[in-house]
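Here are some notes for a colleague who works with computed structures. Please read the numbered points with the model open beside them.

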Amino acid sequence: HRGYLALRRTWSAGDVVEIYLAMPAMLMEAHPQVEADRGLLALTRGPVVYCLEAADHDVDPWNVRVAPEAILHPRWDPDLLGGVVVLEGDGAAPAEGAWDGRLYQRAGDAVLRPVKIRAIPYYAWDNREAGPMTVWLRRN
């Protein structure tokens with residue numbers, strides 16, 4: 001059965017089947033023909049797309065950047081929204097003073113500061129405090 005696993009047996013009350021599906025966190029790049037998202041990265045785990053909300057960050061999520069090689073760690077959070085898997089890892093955001101009133105300095109090591117990323121499943125956003133949210137992140 002291509003694409004399926006057939007379990008053929010005589011079943012009895014109390015039988016249990018446990019299936020482990022590896023679902024590593026991944027960074028997905030937008031297709032280059034989608035101009036609005038060109039060069040941006042989204043956080044995914046299996047079929048689930050994640051987002052960053054202001055409720056989890058001390059910076060505006062729209063300013064958070066992530067390296068394409070960043071490692072994101074899935075973690076079950078039973079206290080968040082009835083229980084969800086969050087993704088946690090390292091990112092960066094513009095440091096204070098990166099904007100001088102005339103032009104925004106290019107993202108170099110001198111103007112970025114490290115930040116912790118905490119992403120929640122996109123389907124669960126907007127259930128806490130009001131604030132910005134983003135799915136697409138700029139590269140660090």
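**Notes on the model**

1. Asp-126 sits in the loop that joins β7 (112-121) to β8, where strands (E, at least two residues) and helices (H or I, at least four) are DSSP runs numbered from the N terminus. Although Asp-126 is not a glycine, its phi is positive, at about 70°. Most residues other than glycine have a negative phi. Asp-126 counts as partly exposed because its relative accessibility is 48%, on a scale where buried means under 20% relative accessible area, exposed over 50%, and partly exposed in between (1.4 Å probe, protein chains only).

2. Some words on the basis of these values. This is a predicted model, in which local features need pLDDT of at least 70 and side-chain atom pairs count only at pLDDT 80 or more, while totals for chains, interfaces and linings use all residues. Residues are numbered from 1 along each chain as its sequence is written, and side-chain values use heavy atoms, with hydrogens and water left out.

3. The protein chain holds nine strands and zero helices, and its elements, taken from the N terminus on, run β-β-β-β-β-β-β-β-β. Of the 140 residues of the chain, 35% count as buried.

4. Leu-81 is another residue to check, since it has a positive phi of about 55° although it is not a glycine. Leu-81 is placed in the loop between β5 (73-77) and β6 (84-94), and its relative accessibility of 32% is why it counts as partly exposed.

5. Asp-126 also appears in the lining of the largest cavity, together with Glu-53, Ala-54, Ala-55, Trp-125, Glu-129, Ala-130, Gly-131 and Pro-132. A cavity here is a set of points, on a 1 Å grid over the protein atoms alone, where a 1.4 Å probe fits but cannot get out, and lining residues have an atom within 4 Å of a point. The count comes to one cavity of 30 Å³ or more, and the volume of the largest is about 40 Å³, taken as the space filled by probe spheres set on the points, with grid points joined across faces, edges and corners. By class, the lining has five nonpolar, one polar and three charged residues; Ala, Val, Leu, Ile, Met, Phe, Trp, Tyr, Cys and Pro count as nonpolar, Asp, Glu, Lys and Arg as charged, and the others, Gly among them, as polar.

6. Thr-134 belongs to strand β8 (residues 133-134) and is buried, because its relative accessible area is 9%. A polar atom of the Thr-134 side chain lies 2.9 Å from the backbone oxygen of Trp-136, which fits the definition of a polar contact as a pair of N or O atoms within 3.5 Å, one able to donate a hydrogen and the other to accept it within protein, with residues adjacent in sequence counting only if both atoms are side-chain atoms.

7. Two pairs link residues that are far apart in sequence. Arg-65, in strand β4 (residues 65-66), counts as buried because its relative accessibility is 5%; Arg-65 and Pro-114 are 49 residues apart in sequence and 9.4 Å apart in space, C-alpha to C-alpha. Glu-69, in the loop between β4 and β5, counts as exposed because its relative accessibility is 61%, and its C-alpha is 9.9 Å from that of Asn-140, with their positions 71 residues apart in sequence.

Note on methods: 1 Å grid on protein atoms, 1.4 Å probe; cavity = no way out; pocket = protein on both sides within 12 Å on 5 of 7 lines; lining within 4 Å.
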